[in-house]
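The following exercises concern a single protein chain. Each task is followed by a solution in steps.

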Amino acid sequence: MLFNLRRRKDVLHLLTILVIISLPALVSYNTISQLEVIQANGSIRVATRNTPSAYYIDKSGPAGFEYELAKAFADDLGVEIDLIIPDTINGLFQTIEKRDAHIVAAGINISSARQTSFEFSTPYAESISTVIYRLKQGIPAPKSVDDLIDKKTLVLANSIQEEQLENIKSAHPNLAWQATSELTNTDILDKVFSQEVDYAIVDSSVYESQSSFYPGLNSAFTIGKSQPIAWVLTPNQDGSLKRAVNKFLEKPKTKTLIKSLKEKYFEKRNPLNYFDTVTFKQDMETRLSCLEQYFYMAEQETDFDWMLLASIAYQESHWKADAVSPTGVRGIMMLTNAAAKEVGVADRTDPIQSIRGGAEYLLNVKRKIPERIKEPDHTWFALAGYNVGFGHLEDARVLTQRANKDPDKWDDVKEFLPLLSKKKYFSTVKYGYARGQEPVQYVANIKKYIELLEWEKQIQQIRKARDASLRAEQKAKTEPAALIELQSIPATL
């Protein structure tokens, strides 16, 4: 043999050779960066929260500002994104401490206290803590921290807002508040809206993005200074992931993306007034819940989004099956006798028939719209035709073309529809007089209802997911450990 293993000298010789052979591999392994490991594994773990501004599931799939930004970073690295969804802010930080996640992307504010324990990326936004109150006749708005004393004030547990309150408590020893880890900022705004608490303190960006959906709420004053928002990163000596994140955030392409995402998620506006919004929410609870399944059925048959159909129905009848207009149209979709006959509806007051019939009639109208017209204009034209009649819609398109505007663009045509009520114009087209302002308002209202319905359903889905997670956690805590069957115990135990 080449080596005589009985002799100590030969053993040492063999070990030396093995170490020399293994050394390059060991050195190579030790120099693999965190970023290279992520890319080699093909995925990056991102912790976030199930909120309207961070991450949620909509009809098209995953959505949310933080999700889309993190997904863009994962795409930039050429890896998949694996999401971790803790229920609390503290849970987000624990994923970093335990190294369960590489990044926390959840609109986290940087603070001095947090910087002592965690790594942060370059900031990509900022916000300031804002006191929110419900407008009440005869009751003045709070103007300072002293006005919060002896009031019910609600904040998220372990949030920057709670940290700021702790910092100012020494100057206001009687200041007290409730900190919740079970709610989201949206739930907190709900509590103020329903007057279950007096005040809430939330990020200004959160309030601004949701305030129009809570008419009657207002911002009073701010607490502390504006705070930067960034991703939280796992601490790593090589710093490769942090450098990659910061490089990504500094790219012009990313800055453009961030701007568009802010517009998409933080500049939503509810176009309804206070009364309309409150009424819509009440009607959702008392009426829509009984009808929703029928809108889903109509969606399956016609490919119209059920929310579009539900919004049309709300505009037509406020979801009342027995609704009747002075002109004789009736039912949830307010069908005329002629329209009902066209789509085979025998009883216009029957919710199932009315909804399916209304969807079928809209589909018939939509087929008359030239295919060259792209969405969403194609649908807006169909709605206008549904309301005023296809002939009058064509007349308005003729007027639009005469004025050298685009007859295939809803924003252009809606300027000319109201002219059909003026003899100077309707006398020059085929179908004559029409109350042309009505279809313009009709389409505008349906757009409003779609937006509010999407918002409300989104919030419901987030709460449903959170409640399911809490129930699963509670079940795991209360269930006894599984018993081992005797026959399954190994003989060598």
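A residue is called buried under 20% relative accessible area, exposed over 50% and partly exposed in between, with a 1.4 Å probe and protein chains only. The model is predicted: local features need pLDDT of at least 70, side-chain atom pairs count only at pLDDT 80 or more, and totals for chains, interfaces and linings use all residues. Residues are numbered from 1 along each chain as its sequence is written, and side-chain values use heavy atoms, with hydrogens and water left out.

**Exercise 1. Classify the ring pair of Tyr 314 and Tyr 449, and state whether each residue is buried or exposed.**

Step 1. Rings of Phe, Tyr and Trp (its six-membered ring) pair if their centres lie within 6.5 Å; planes under 30 degrees apart count as stacked, over 60 as edge-to-face and the rest as tilted. By this criterion, a search of the whole structure yields 17 aromatic pairs.

Step 2. The ring centres of Tyr 314 and Tyr 449 are 4.9 Å apart and the planes stand at 80 degrees, so the pair is edge-to-face.

Step 3. Helices (H or I, at least four residues) and strands (E, at least two) are DSSP runs, numbered from the N terminus. Because Tyr 314 belongs to helix H12 (residues 306–317) and Tyr 449 to helix H19 (residues 437–478), the pair ties together parts that are 135 residues apart in sequence.

Step 4. Tyr 314 has 2% relative accessibility and is therefore buried; Tyr 449, with a relative accessible area of 9%, is buried.

**Exercise 2. Describe the surroundings of Lys 457.**

Step 1. Lys 457 is located in helix H19. Its relative accessible area is 10%, so Lys 457 is buried.

Step 2. Contact means heavy atoms within 4.5 Å. Leaving aside residues up to four places away in sequence, Lys 457 touches Met 284, Glu 292, Trp 306 and Met 307.

Step 3. Between Lys 457 and Met 307 there are 9.7 Å from C-alpha to C-alpha, although the two are 150 residues apart in sequence.

**Exercise 3. Determine how H15 packs with H16, and how H9 packs with H10.**

Step 1. Two packed helices are described by the angle between their axes and the distance between the axes. Axes are lines fitted to C-alpha atoms, for helices over the stretch in contact, and angles run from 0 to 180 degrees between N-to-C directions. Angles under 35 degrees count as roughly parallel, over 145 as roughly antiparallel, 65 to 115 as roughly perpendicular and the rest as oblique.

Step 2. Helix H15 (residues 377–388) packs with helix H16 (residues 390–402) at about 125 degrees, with axes 7 Å apart. H15 is therefore oblique to H16. Phe 381, Ala 384, Gly 385 and Val 388 of H15 make the contact with Phe 390, His 392, Leu 393 and Arg 397 of H16.

Step 3. Ala, Val, Leu, Ile, Met, Phe, Trp, Tyr, Cys and Pro count as nonpolar, Asp, Glu, Lys and Arg as charged, and the others, Gly among them, as polar. The contact of H15 with H16 has 5 nonpolar, 2 polar and 1 charged residues.

Step 4. Helix H9 (residues 240–250) and helix H10 (residues 252–266) pack at about 70 degrees, with axes 5 Å apart, which means that H9 is roughly perpendicular to H10.

Step 5. In H9, Phe 248, Leu 249 and Glu 250 meet Pro 252, Thr 254, Lys 255 and Ile 258 of H10. The classes in the contact of H9 with H10 are 4 nonpolar, 1 polar and 2 charged.

**Exercise 4. Establish how many residues of helix H7 are buried, and which charges lie over the face of Phe 193.**

Step 1. Helix H7 (residues 185–193) has 7 of its 9 residues buried, so H7 is largely enclosed by the rest of the structure. Phe 193 is one of the buried residues of H7.

Step 2. A charge sits over a ring if NZ of Lys or CZ of Arg is within 6 Å of the ring centre and within 35 degrees of the ring normal. Arg 134 lies over the face of Phe 193 at 4.9 Å from the ring centre, and Lys 281 does so at 5.1 Å.

**Exercise 5. Identify where Asp 150 and Pro 376 lie, and state their backbone features.**

Step 1. Asp 150, in the loop between strand S7 (125–134) and strand S8 (153–156), has a positive phi near 65 degrees and is not a glycine. At 76% relative accessibility, Asp 150 is exposed.

Step 2. Pro 376 is in the loop between H14 and H15. The peptide bond from Glu 375 to Pro 376 is cis, with omega near 5 degrees.
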